[in-house]
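With the model open in your viewer, please follow the selections below in order, pausing at each stop to compare the text with what is on the screen.

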Amino acid sequence: MFGESIELKTPEQLASMRQAGLVVGRTLEVLRAAVAPGVSTDDLDALARERLAAEGATSNFLGYHGFTGVICASVNDEIVHGIPGDRVLAEGDLISIDFGAVVDGWHGDAAISVPVGEVAPEVAELNRVTEESLWRGIAAARIGGRVGDISHAIESYVRSQGRYGITEGFTGHGIGSEMHMAPDVPNSGRRGKGPKLQLGMALAIEPMITLGTSRAAILEDDWTAVTTDGTWAAHHEHSITVTTEGVWVLTALDGGAARLAALGVPCAEPTS
């Protein structure tokens, strides 16, 4: 989908990506805190625009193939790419917020799913499984490994937790001087398959998991992907790079240190 050439970044370029990632991470925390019954998806988009301006960053979503928001706001059975609008959040909803930023020409991209007030237990568990599967995928990344190692770790964890759908037709991706680049990062697959992980690669890993089907349909707006059976979905994403000493999560405020430590994986910035 994104071609065969894989962009390898220098440590200095990855440092610029880290700045974009921090803008993304800080903004998502502001948006997380703002999610509440009575808030519209447009309200969240406006807040994200304010944060971009305050951070001196630009949006990589706005205008992308005609997209009209700086966030994707996907609610309940909407999996990804929901367009912000006048929809008002209600108690018990689950909203997935995808957000990106550009600093000095380098991109950051991440997503969170946030309960609106108290959600049903199965929705809370779906959200937990999706986020944990992201971290299992991140923890599987290492220099000399393969993209399929990440895919396998995500799939294996999701399958171990129950009967969930892993959305077909949507994958993670390379990221750097553009938002979407080679290679694709599927959310299911076999160890040892796919491109080799090299120093300087950056990947956006993003499992999209549902309470039912793995199939998606696109609404008439040509953007919003929904489950074909109406079951709810969750989406979590981080942009990462792999160093000789470990993994650096570019969009996590702590670089991923806490979650990686819990999985026995070191967090390490690249060195010159």
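In this predicted model, begin by selecting strand S2 together with strand S11 (residues 225-227), which run antiparallel and are joined by two bridges. Within that pairing, pick out Val80, which stands opposite Ala225 in S11. Now add S10 to the selection, and you have an open sheet of three strands in the order S2-S11-S10, paired in the antiparallel sense. Its edge strands are S2 (78-80) and S10 (216-218), each of which pairs on one side only. If you look across the sheet from one strand to the next, the twist averages 45°.

Stay close to these strands in the sequence and select Trp223 along with Phe67, for the structure holds one aromatic pair. A pair of aromatic rings is described by the distance of the centres and the angle of the planes. Here the ring centres of Phe67 and Trp223 are 5.0 Å apart and the planes stand at 75°, which is over the 60 degrees required, so the pair is edge-to-face. Because Phe67 belongs to the loop between helix H2 (41-55) and strand S1 (71-75), while Trp223 belongs to the loop between S10 and S11, the pair ties together parts that are 156 residues apart in sequence. Are these two residues, Phe67 and Trp223, buried or exposed? Both Phe67 and Trp223 are buried.

Next, select strand S3 (residues 94-103) and S4, which pair antiparallel over ten bridges. Ala101 is a useful residue to label here, as it stands opposite Gly108 in S4. The two strands, S3 and S4, form a hairpin with two residues between them, and in the turn Asp104 has a positive phi of about 55°. Colouring S4 by accessibility is worthwhile, because nine of its ten residues are buried, so S4 is largely enclosed by the rest of the structure.

For the last stop, turn to the second largest pocket, whose volume is about 260 Å³. It is lined by 20 residues, and those closest to its centre are Glu29, Arg32, His238, Thr251 and Ala252. Which elements give two or more residues to this lining? They are helix H1 (11-34), strand S4 (106-115), helix H3 (121-139) and helix H5 (257-262). H1 gives the most, with four residues. Colouring the lining by class shows nine nonpolar, five polar and six charged residues.

Methods:
Residues numbered from 1 in each chain as written. Predicted model: local features only at pLDDT ≥ 70, side-chain atom pairs only at ≥ 80, totals over all residues. Heavy atoms only, no water. Pairing = 2+ DSSP bridges. Axes fitted to C-alpha atoms, helices over the stretch in contact; angles between N-to-C directions. 1 Å grid on protein atoms, 1.4 Å probe; cavity = no way out; pocket = protein on both sides within 12 Å on 5 of 7 lines; lining within 4 Å. Points joined across faces, edges and corners; volume = space filled by probe spheres on them. Nonpolar A, V, L, I, M, F, W, Y, C, P; charged D, E, K, R; others polar. Phe/Tyr/Trp six-rings, centres within 6.5 Å; stacked < 30°, edge-to-face > 60°. Buried < 20%, exposed > 50% of the residue type's maximum accessible area, 1.4 Å probe, protein only.
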